[in-house]
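Visitor: I am new to this structure, and I would like to learn how to read it. Could you take me through it, one feature at a time?

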Amino acid sequence: MKLFVAVDLEGICGVVSEADTAREGAAAQRARAHMRADLDAVLEGCAAAGATEVVVCDSHDDGRNLDLAGLPGFVSLVSGSPAPGSMLEGLAPDCDAALLVGYHARAGTAGAVLEHTWDYLTFSVRVGDLEVGEFGIAALLAGELGVPAVYVSGDDKVAAEARALVPGITATVVKTGIRREAAALCAPAEARERIARDVRAALTGEHRPAPLVWNGRPLRLTFTRAIYCDLAETCPGAVRLDGRTLEIGGETFADLYRGFLTCLRLAESQA
Ligand SMILES: [Zn+2]
C-alpha cells in the first residue's frame with residue numbers, strides 16, 4: 001500500500017498564532033517540532049495499517065519545515081520549493097489514499113484557526129458553486145487521479161469542511177477554534193494517540209470514502225485586492241470577471257490547479 005501524506009502547519013497540534021507559522025523564532029521552532037511529532041503519529045498509524053511506501057510532502061510555506069532525521073525507511077520526504085505540484089507534489093495515481101495532516105479551514109471561515117486558502121491574497125476559491133479551500137483542492141486533485149482523501153487532521157472547522165465534501169472521511173480534531181488566533185488545544189500525548197489510532201482506522205476500515213469527482217466547472221479565484229488580479233490576469237486561460245475575480249477553465253481539474261497556482265505566483269510576484 002502506497003500513501004500520499006501532505007503536512008501543513010496551521011492545523012498541527014499546538015499551533016495557534018501566526019508567530020507559530022513564521023519562518024524564524026522560538027515559537028516557529030516549537031511549532032515545527034509539533035509538526036514532526038504529528039507526522040510521526042500519522043506514520044505509526046500508516047505502518048500499523050500495512051503501508052509499504054509513504055510519500056510525505058512538506059507542504060507549508062517553503063517546504064523546509066520537517067526534520068528528515070529518524071524518519072522510517074518506508075518514507076520519502078518531498079522538501080523545498082517551488083515544486084510544480086506546490087503543496088501536493090508527490091501525489092500520483094499509484095497512491096492508494098491521500099492523508100491531509102495539519103490542515104486548516106478555507107479563507108473566511110468563522111472561528112477557524114489561521115484560516116486561509118494557499119496565501120493571504122486569496123479571498124475565496126469556487127469550483128462552480130462549490131466553495132473550496134486547501135482541503136477541497138487537494139481532495140479534487142487526488143480524486144481525479146482516482147485517489148480517495150481518507151484522512152484529515154486539524155481544528156474542528158477543517159474537520160467539518162472535510163466531512164461536508166467527503167462524507168465518511170476520518171478526521172482527528174486536535175484543537176477547537178475559538179477565534180482566528182485563539183483555540184482550545186488538545187494535550188500533545190492525547191492528540192497523537194488519537195492521530196495514530198484514527199489513521200490506522202481510516203486505512204483499514206471497510207467503508208473508505210470514494211475519490212471526490214470534479215463537477216467539470218471552471219475555478220473562480222477571488223483575490224482580496226484588485227491589484228492581485230491586475231498582476232495575474234495575463235495567465236493563459238484566465239478570464240477576468242470583475243475587479244478581484246479571475247475565472248480559470250480547463251479540460252481537467254489538474255489544468256485548473258495549474259492555472260490557480262500560476263495566478264497566485266503572478267499575484268505574489270509584487271505582493
Ligand atoms: Zn495551508
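Guide: We will look at the metal site, then salt bridges, a helix and a sheet. Please keep in mind that this is a predicted model.

Visitor: Let's begin with the metal. Which protein donors does the zinc ion have?

Guide: To read a metal site, start with the donor atoms. Here they are D8 (OD), H104 (NE2) and two OE atoms of E134, lying 1.9 to 2.8 Å from the zinc ion. Along the sequence, the donor residues follow the spacing D-x95-H-x29-E. D8 sits in the loop between β1 and α1, while H104 is in the loop between β4 and β5, 96 residues apart.

Visitor: Are D8 and H104 buried or exposed?

Guide: Both D8 and H104 are buried.

Visitor: And why is the arrangement around the zinc ion called irregular?

Guide: Angles are the thing to check. Ideal angles for four tetrahedral donors are 109.5 degrees. Around this zinc ion, the 4 donor atoms subtend angles of 51 to 147°, so the arrangement is irregular.

Visitor: Now the salt bridges. How many are there?

Guide: The count comes to 15 salt bridges. For each one, ask where its two residues lie. E18 and R180 form a salt bridge whose closest N and O atoms are 2.7 Å apart. Because E18 is in helix α1 and R180 in the loop between β8 and β9, this pair ties together parts 162 residues apart in sequence. E18, R180 and E115 are linked in a network of salt bridges.

Visitor: What about D38: which residue does it form a salt bridge with?

Guide: D38 pairs with R192, with the closest N and O atoms 2.8 Å apart. D38 belongs to helix α2 and R192 to helix α5, 154 residues apart. D38 is buried, at a relative accessible area of 0%, and R192 also counts as buried, at 16%.

Visitor: How many residues separate R258 and D255, which form a salt bridge?

Guide: R258 and D255 are 3 residues apart in helix α7, which means about one helical turn separates them. R258 counts as exposed at 52% relative accessibility, whereas D255 is partly exposed at 26%.

Visitor: How do I check the span of a helix?

Guide: Compare the expected span with the distance between the ends. Helix α2 has 23 residues and should span 33 Å at 1.5 Å a residue; its end C-alpha atoms are 33 Å apart, so the two agree. Just after α2, G50 takes a positive phi of about 95°.

Visitor: Last, what order do the strands of the open sheet have?

Guide: Read across the sheet, strand by strand. The order of its 5 strands is β6-β5-β10-β12-β11, with antiparallel pairing. At the edges are β6 and β11, each pairing on one side only. From one strand to the next, the twist averages 25°. Between β11 and β12 there are 3 bridges, and R240 has L246 in β12 as its bridge partner.

Conventions: Residues numbered from 1 in each chain as written. Predicted model: local features only at pLDDT ≥ 70, side-chain atom pairs only at ≥ 80, totals over all residues. Heavy atoms only, no water. Pairing = 2+ DSSP bridges. Helix = DSSP H or I, 4+ residues; strand = E, 2+ residues; numbered from the N terminus. Axes fitted to C-alpha atoms, helices over the stretch in contact; angles between N-to-C directions. Expected span 1.5 Å × (residues − 1). Donors = N, O, S within 2.8 Å, 3.2 Å for Na, K, Ca; no water. Tetrahedral: all angles 85-135°; square planar, octahedral: opposite > 155°, others 65-115°. Buried < 20%, exposed > 50% of the residue type's maximum accessible area, 1.4 Å probe, protein only. Salt bridge = Lys/Arg side-chain N within 4 Å of Asp/Glu carboxyl O.
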